[in-house]
Number of protein chains: 2
Amino acid sequence: MLLSKLFTKTTKESASDSSSINADLLTRAGFVHKTMAGVYSYLPLGYRVLRKIEQVVREEMDTIGSEMFMPAISPIENWKKTGRDQSVSVLFSVSGANDASKKLNDSSYILNATHEDVITPIFQHFVSSYKDLPCAAYQIQSKFRNEARPKSGILRGREFRMKDLYSFHVSEEDQVHYLHAIAKPAYTRVFDRLGLGDRTVIALASGGEFTKEPSVEFQTKCDNGEDLIFYDSKSDMYYNKEIVPCKAPKWGDPNEEERPREDVVGEGIIGVEELAAFLKVDKQSTTKTLLYESDDGRFFAATVRGGYDVNEEKLCAVAGCDSIKLASVAKVKEVTGADVGYAGPIGLPKDVVVYWDDSTQGRKNFECGANKTNEHSININFGRDVDEPKEFYDIKVGRDGDINPSTGEPYEVCRASEVGNLFSLGTRFSEGFGFTFTDQDGKNKPVYMGSYGLGTSRVMGVIAEISHDEHGLIWPENIAPAQVHIVPIAKTTDDEAYTEAMKLYEGMQKKGIECLFDDRIDGSVGARLADADLIGVPKRIVVSPKTLEKGGVEVKIRSTGKEEILALDAVLGDKKK
Amino acid sequence: MLLSKLFTKTTKESASDSSSINADLLTRAGFVHKTMAGVYSYLPLGYRVLRKIEQVVREEMDTIGSEMFMPAISPIENWKKTGRDQSVSVLFSVSGANDASKKLNDSSYILNATHEDVITPIFQHFVSSYKDLPCAAYQIQSKFRNEARPKSGILRGREFRMKDLYSFHVSEEDQVHYLHAIAKPAYTRVFDRLGLGDRTVIALASGGEFTKEPSVEFQTKCDNGEDLIFYDSKSDMYYNKEIVPCKAPKWGDPNEEERPREDVVGEGIIGVEELAAFLKVDKQSTTKTLLYESDDGRFFAATVRGGYDVNEEKLCAVAGCDSIKLASVAKVKEVTGADVGYAGPIGLPKDVVVYWDDSTQGRKNFECGANKTNEHSININFGRDVDEPKEFYDIKVGRDGDINPSTGEPYEVCRASEVGNLFSLGTRFSEGFGFTFTDQDGKNKPVYMGSYGLGTSRVMGVIAEISHDEHGLIWPENIAPAQVHIVPIAKTTDDEAYTEAMKLYEGMQKKGIECLFDDRIDGSVGARLADADLIGVPKRIVVSPKTLEKGGVEVKIRSTGKEEILALDAVLGDKKK
């Protein structure tokens, strides 16, 4: 590819609105163009990289399922069958954009955020017997999610590229076996081939509302990752912050003298940060109390130390129920007598059990909501103001610094980006669609499903995040937009350096080696060499009078910076060199 | 690919809602699944075909532009710059699908029907000088159009696949040169490679509102095509029905005796068909009269014989204006004194010129609207009731049977499907976005643009429409889902016929020949052979005790039906045979 024929250009300055390393580098190198917040266009060099990533994914997925291609829009009726038209909070819908369009057709559709609701009826059409199972298919397609504030370049967007695989089974065991024995190894092969194997770990995460099976996340360690993962050295396993078993590090002086309890009026002050500032106390001395209603009709309270969040899944397990939701404003008022934001564990009706997180243990003179609108109780102490709980639980979302209960030591914690996830979906979708199969005994049973995502554009962003230096991008060979970047240093196209470089370019093209050729010889040498570094092709070859004098061309390996002079024949003769 | 591993199945019955040959065949063969009206999922075999078509397109487009990938959603602001948010009648918009989603982000976006409004600002970002021009880029992406009643399978859908190329130039001449000398030959190569060369012709069509340059359509002759194309044997050129120069064949007896004029009341009767039935006359004796307002503020009337439609572009040329629109209801009432539907050429205000189409010439006792609500004048005659027009024009949309004015003979007319189109866009978009370049003299000038579409999913549908027989699909070799379909006829997998067939399959896989292997040996032989015909892979190989006895396997060519027994080695030894 001649650089003069490429319409894109590199830019020195950081993009004005670049919000992350990947957006900054990919924009400056001319790989992507931000069409709007969270929505990027892939320019020729960038699209080459994306396509190569998707080809690696395709080759590995072809070993475990058939490729297909589902539409981006689908009927709302499909989503209503599982209630997901309402429950998926990032869902987009589509309808006529103007009066003329609405006159043509006034229907609305869903713009797919994921494709369970599209693929289930397709498999239902073909699968009827246990003999048809298991089966699996995947696609590589754009996905659309109405993110509130997309800000991590191509790591998380409103429109992004994803490989999504779906599998169908006679039982949960069979699906879980497929997940671990078939899908997981295929994912591992993908990340190995993309050069991310060393940094990518498997983390257990919540299975969500569909199943008790944990889901499996592939997390690539990356400073700008949105996720926090916790390494349990004892079991050699990673957990995501939602499900990591953890104990809060102790806080406060257990021997502190107990001060008299006070009820303080702080009108409209409800957030932890705001409250701590108002009370002039450390936020860890505050207590967050939330009221929940469980699926079996109970009401209970959960408390965590200021700075922590309640994890509803852990709380469900502790309370022994299947699902919970925050109590309504009216119910909070009824139970506490106060508006939302002032609930506290003291003085609640007797039938409202309080679950105390271990982060609240051992504190002196702590704060609680007073169960009166605008009021907070301070200098609360166990024993004196409220009975010391018989048991403290782990009902929190993990934080950096938390203790691993199985070792007693703080977890090794790192930031990571979720590049893949493997879910057990149970029978949630098959039941919504009435998708059953006939088993060996002629009985109708619901089909078990799994879904397995891999964000291909996110992977590209993660590679940009971790594989670069101060000069620009450093692409692994198998996904680089080209293998070689040739820079002739010449005054005219008749100069020997140019004609020799062109010979090299043509020779490489004949061999099927992808090449960028910088034919913009009227540009400054420095800028052209800087462009090569910024674009980040694995091998840069400079052809100049000086290198020719030395008997060849200068080959520089982008990743190591290693330079050497090689004869033209040697460069061409050995594709691998 | 083992057929037992493919989740799709063929079906004997026509799909219940199959509305066209392509939908029927592709659905029965398990290539596509209708997700909703106008929206199809591509199943594994179908997606293989689509990807192969897109790869052929990609290879040819790579010779004339760089591949990129733009998003499916874009900011409404972009579309407002050219007023296309309102003027594109098939445009979809996107917004949060439920309250939770709207709470996250309440913005709306456009779901792209085409990408001029997305690519223009991208090129504007990179192009500033004449030195950067010309340049071109293309993508292969899904497109979304809010069609009123999609009904031709994958020929025309609400979501479909398209290759769209855009080029940018210093002048209209340069763009027109690119269109004819660069884009057109690349398109020709695509259709040749797809086996459509013989049936695909270039037809001139309207340039639309953007330019006076005609657009160029690639039309594949096809009985179910939506378009009608007209062959001018004199110039060896095709025209589409919008711009074909044509004369209506004469109708009626010029010597018929003139009957007395009558004004007939027919309440609410306005359509040509309805009117002819009501009046008990041939519809060709009726006259359609429409009132237009031109961009320069004139009002005029256009008349065509019943059964014809007015072509606004031809009318513009005749009236000498740039654009026209139908007069408003109020204006029609003001000018004619009647409601819409009753306009006629007699008795209009003097300043309202009437353009008579040649189809109205030579009739006796014809009908016209009476310019009174609910009234029609019949037995109108030129000379007696209205002056014979000095000139008759060609202001109609062509119809089958129309006369070629340059030969005096009826046109050879055929149905065709538009598989590609090449448009000159002038400066419409660059002016909307303020996209200029600096010319050699340092002057700022607007960039000239062209856009060049090719519907890849439509091409797949067209091939299904034209390449099949009563048994099923017949795929050309280079886009077939596989090259060979092996059917072992055996009772168990230990039978010689099965093991020999499997050897063949494995041998072909090693050679990189794509193979379907029908391992469903518990199925009936007849059904399995019928499946092979329906799926339509170029070569079917049956391995049975009988063929082995004859010394080999039976090879049948799907397109010719030719069968022969070949030794296993011969089949494997020669990939081409």
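**Exercise 1. State which residues Ile486(A) touches in this predicted model, leaving aside its neighbours within four places in sequence, and place Ile486(A) in the nonpolar core.**

Solution.
Step 1. Once neighbours within four places in sequence are set aside, the contacts of Ile486(A) are Ala501(A), Leu504(A), Tyr505(A), Cys515(A), Leu516(A), Phe517(A), Asp518(A), Ile541(A) and Val543(A). A contact here requires C-beta atoms within 7 Å.
Step 2. The largest nonpolar core holds 254 residues, and Ile486(A) and Ile486(B) are those with the most contacts inside it.
Step 3. There is also a second, separate core of 24 residues, including Ala301(A), Ala319(A), Ala327(A) and Ala343(A).

**Exercise 2. Describe chain A as a whole: which elements does it contain, and what share of its residues is buried?**

Solution.
Step 1. Chain A contains 16 helices and 30 strands.
Step 2. Its C-alpha trace spans about 90 × 70 × 60 Å along the principal axes.
Step 3. Of the 577 residues of chain A, 48% count as buried.
Step 4. Among contacts in chain A with a separation of 6 or more, 69% are between residues 24 or more positions apart.

**Exercise 3. Determine what rotation superposes chain A on chain B, and which residue of chain A comes closest to the rotation axis.**

Solution.
Step 1. Chain A is superposed on chain B by a rotation of 180° with 0.0 Å of shift along the axis, and the RMSD is 0.2 Å.
Step 2. This is the relation of a two-fold axis.
Step 3. Val94(A) is the residue of chain A that comes closest to the axis, with its C-alpha at 2.2 Å.
Step 4. Both copies use the same surface: 100% of the contact residues of chain A recur in chain B.

**Exercise 4. Give the make-up of the contact between the chains: how many residues does each chain supply, and how do those of chain A divide by character?**

Solution.
Step 1. Chain A supplies 55 residues and chain B supplies 55 residues.
Step 2. On the side of chain A that touches chain B, 34 residues are nonpolar, 17 are polar and four are charged.

**Exercise 5. Trace the sheet that contains strands of both chains: in what order do its strands lie, and which are the edge strands?**

Solution.
Step 1. Strand E5 (residues 92–96) of chain A runs antiparallel to strand E5 (residues 92–96) of chain B, and five bridges join them. Within this pair, Val94(A) stands opposite Val94(B).
Step 2. The open sheet has six strands in the order E4(A)-E6(A)-E5(A)-E5(B)-E6(B)-E4(B), with antiparallel pairing.
Step 3. Strand E4 (73–75) of chain A and strand E4 (73–75) of chain B are the edge strands, each pairing on one side only.
Step 4. From one strand to the next, the twist averages 40°.
Step 5. Three bridges hold E4(A) in antiparallel pairing with strand E6 (residues 109–111) of chain A, where Ser74(A) stands opposite Ile110(A).

**Exercise 6. Identify which strands pair with strand E11 (residues 227–232) of chain A.**

Solution.
Step 1. E11(A) is joined by five bridges to strand E20 (residues 412–426) of chain A, and the two run antiparallel. Here Leu228(A) has Arg415(A) as its bridge partner.
Step 2. Four bridges join E11(A) to strand E12 (residues 237–240) of chain A, again antiparallel. Asp232(A) stands opposite Met237(A) in that pair.
Step 3. E11(A) and E12(A) form a hairpin with four residues between them, and Asp236(A) in the turn has a positive phi of about 55°.

Definitions and conventions: Residues numbered from 1 in each chain as written. Chains lettered and ligands numbered in written order. Predicted model: local features only at pLDDT ≥ 70, side-chain atom pairs only at ≥ 80, totals over all residues. Pairing = 2+ DSSP bridges. Core = buried A, V, L, I, M, F, W, Y, C linked by C-beta atoms within 7 Å. Buried ≥ 20, exposed ≤ 12 C-beta atoms within 10 Å, placed from the backbone. Contact = placed C-beta atoms within 7 Å. Least-squares fit on C-alpha atoms with pLDDT ≥ 70 in both. Nonpolar A, V, L, I, M, F, W, Y, C, P; charged D, E, K, R; others polar. Axes fitted to C-alpha atoms, helices over the stretch in contact; angles between N-to-C directions.
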